[in-house]
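Student: Got a minute to walk through a structure with me? I'd like to go from one region to the next.

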Amino acid sequence: MGKTADLTVVQKMTIDTLHKEGKTQKVIAKEAGCSQSSVSKHINREVKGRKRCGRKKCTSNRDNRTLERIVKQNPFKNVGEIHKEWTAAGVSASRTTTHRRMQDMGFSCRIPCVKPLLNNRQRQKRLAWAKDKKDWTAAEWSKVMFSDESKFCISFGNQGPRVWRKTGEKEMPKCLKSSVKYPQSVMVWGAMSAAGVGPLCFLRSKVNAAVYQEVLEHFMLPAADQLYGDADFIFQQDLAPAHSAKASSTWFKDHGIPVLNCPANLPDLNPLENLWGIVKRKMRYARPKNAEELKATIRATWALITPEQCHRLIDSMPRRIAAVIQAKGAPTKY
């Protein structure tokens, strides 16, 4: 005989009909060809207005609203601190109940997103730049080669993976996360377009105008040939001192390359920032021992980025522009 979940439509109709006729569950089970417990469970599920089973909740709706207000006032508190503040408000509940109520409300513990802290002047610059580009289509953005620098460290801070371990394995090497006070790092320059990514450049020194022109000559131009061929393109860069230097501007004029200058603090309007994030997430489980191994890992991970990923990011530019305008220059989800 099947379980309740295995009852057919015919069996359920038979149970309902015989139950309305006042037949006993034993008789109904025999007629329907199922177990008596299946009949009982099906009948109970069909009963309307029956009282809920289980123990009554120890907190009221008012208590739950108080908890929600505490969480929203300071979402960076841990469960212990929230529980302490909730019980101080006169609520009698355990720490486990506090955690359960927070989950019932839809709260989840996550690593917070990092967004730049902007003053009013910076927000106005972002807003003005976005308004100037609000009519650009995805096809126009596909003609832009985006560039950016990013720092990669051997240790990526406390946002790495958690470890599953048993009692007594706390100090075992395989369960430890390496930590150094001044981790080795490399600075990387990269470029991308709707067609894919260009070659990476590992910067060995502080970038001034002369170093930047070498990067443009030996990495940006090959990337342009790879991604655009003989087609025209626009080169995007931020207004870092080396980028906006007179010598750099002259270099672009001599090579006939139009430049799209972006103000500072526009990470959500540069899809290359998303690619850096993808690379770092994929490298989360890598354990390079030195700078050379770190570079090799970055190159290998960068090579995994597909043209389809780049195309989707470029297609999102009109939505990014609209989001910045709607937020009046404030940071957006991108």
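**Charges, cores and cysteines**

Tutor: Let's start at lysine 295, which is buried, with a relative accessible area of 16%. Buried means under 20% relative accessible area, exposed over 50%, and partly exposed in between, with a 1.4 Å probe and protein chains only. One caution: this is a predicted model, so local features need pLDDT of at least 70 and side-chain atom pairs count only at pLDDT 80 or more, while totals for chains, interfaces and linings use all residues. Residues are numbered from 1 along each chain as its sequence is written, and side-chain values use heavy atoms, with hydrogens and water left out.

Student: Which residue forms a salt bridge with lysine 295?

Tutor: Glutamate 292 does, with the closest N and O atoms 3.7 Å apart. A salt bridge here is a side-chain nitrogen of Lys or Arg within 4 Å of a carboxyl oxygen of Asp or Glu.

Student: Is glutamate 292 buried or exposed?

Tutor: Exposed, at a relative accessible area of 53%.

Student: How are glutamate 292 and lysine 295 placed in helix H13?

Tutor: They are 3 residues apart in H13, so about one helical turn separates them. Helices (H or I, at least four residues) and strands (E, at least two) are DSSP runs, numbered from the N terminus.

Student: How many salt bridges does the count come to?

Tutor: The count is 5 salt bridges. One of them joins the side chains of lysine 77 and glutamate 85, at 2.5 Å from N to O. Lysine 77 is partly exposed, with a relative accessible area of 28%. Glutamate 85 is partly exposed too, with a relative accessible area of 28%.

Student: And what does lysine 133 pair with?

Tutor: Aspartate 132, with the closest N and O atoms 2.7 Å apart. Lysine 133 counts as buried at 7% relative accessibility. Aspartate 132 is exposed, at 55% relative accessible area.

Student: Switching to the interior. How many residues are in the largest nonpolar core?

Tutor: It has 34 residues. Those with the most contacts inside it are Trp141, Phe152, Met192, Leu275, Ile298 and Trp302. By nonpolar core I mean a set of buried Ala, Val, Leu, Ile, Met, Phe, Trp, Tyr and Cys residues joined through side-chain atoms within 4.5 Å.

Student: Which elements supply at least two residues each?

Tutor: Helices H7 (120–132), H12 (271–282), H13 (291–302), H14 (307–315) and H15 (317–326) do, along with strands S1, S2 (185–193) and S6. H12 gives the largest share, 5 residues.

Student: Is there another core? What does it include?

Tutor: Another core, of 19 residues, lies apart from that one. Met145, Trp189, Cys201 and Phe252 are among its residues.

Student: Back to tryptophan 141. What does it touch?

Tutor: Leaving out residues up to four places away in sequence, tryptophan 141 touches Trp129, Lys133, Trp136, Phe146, Leu260, Ile314, Met317, Pro318 and Ile321. Contact means heavy atoms within 4.5 Å.

Student: Leu260 is in that list. Which way do the side chains along S6 point?

Tutor: They alternate. Leu260 and Cys262 point to one face and are buried. Val259 and Asn261 point to the other and are not buried.

Student: Which strand is S6 joined to, and by how many bridges?

Tutor: S5, by 4 bridges, and the two run parallel. Glutamine 237 stands opposite asparagine 261 in S6. S5 (residues 234–238) is also joined to S1 (residues 144–153) by 2 bridges, again parallel. Methionine 145 stands opposite phenylalanine 235 in S5. Two strands pair if DSSP finds at least two bridges between them.

Student: Now cysteines. How many disulfides are counted?

Tutor: The count is 0 disulfides. The rule asks for a pair of cysteine sulfur atoms within 2.5 Å. Cysteine 34 counts as buried at 1% relative accessibility, and cysteine 310 at 0%.

Student: Where is cysteine 310, and what is it in contact with?

Tutor: Cysteine 310 sits in helix H14. Beyond its neighbours within four places in sequence, it is in contact with Met192, Ser193, Ala194, Gly196, Val197, Leu275 and Ile305. Cysteine 310 and methionine 192 are 118 residues apart in sequence, yet 7.3 Å apart in space, C-alpha to C-alpha.
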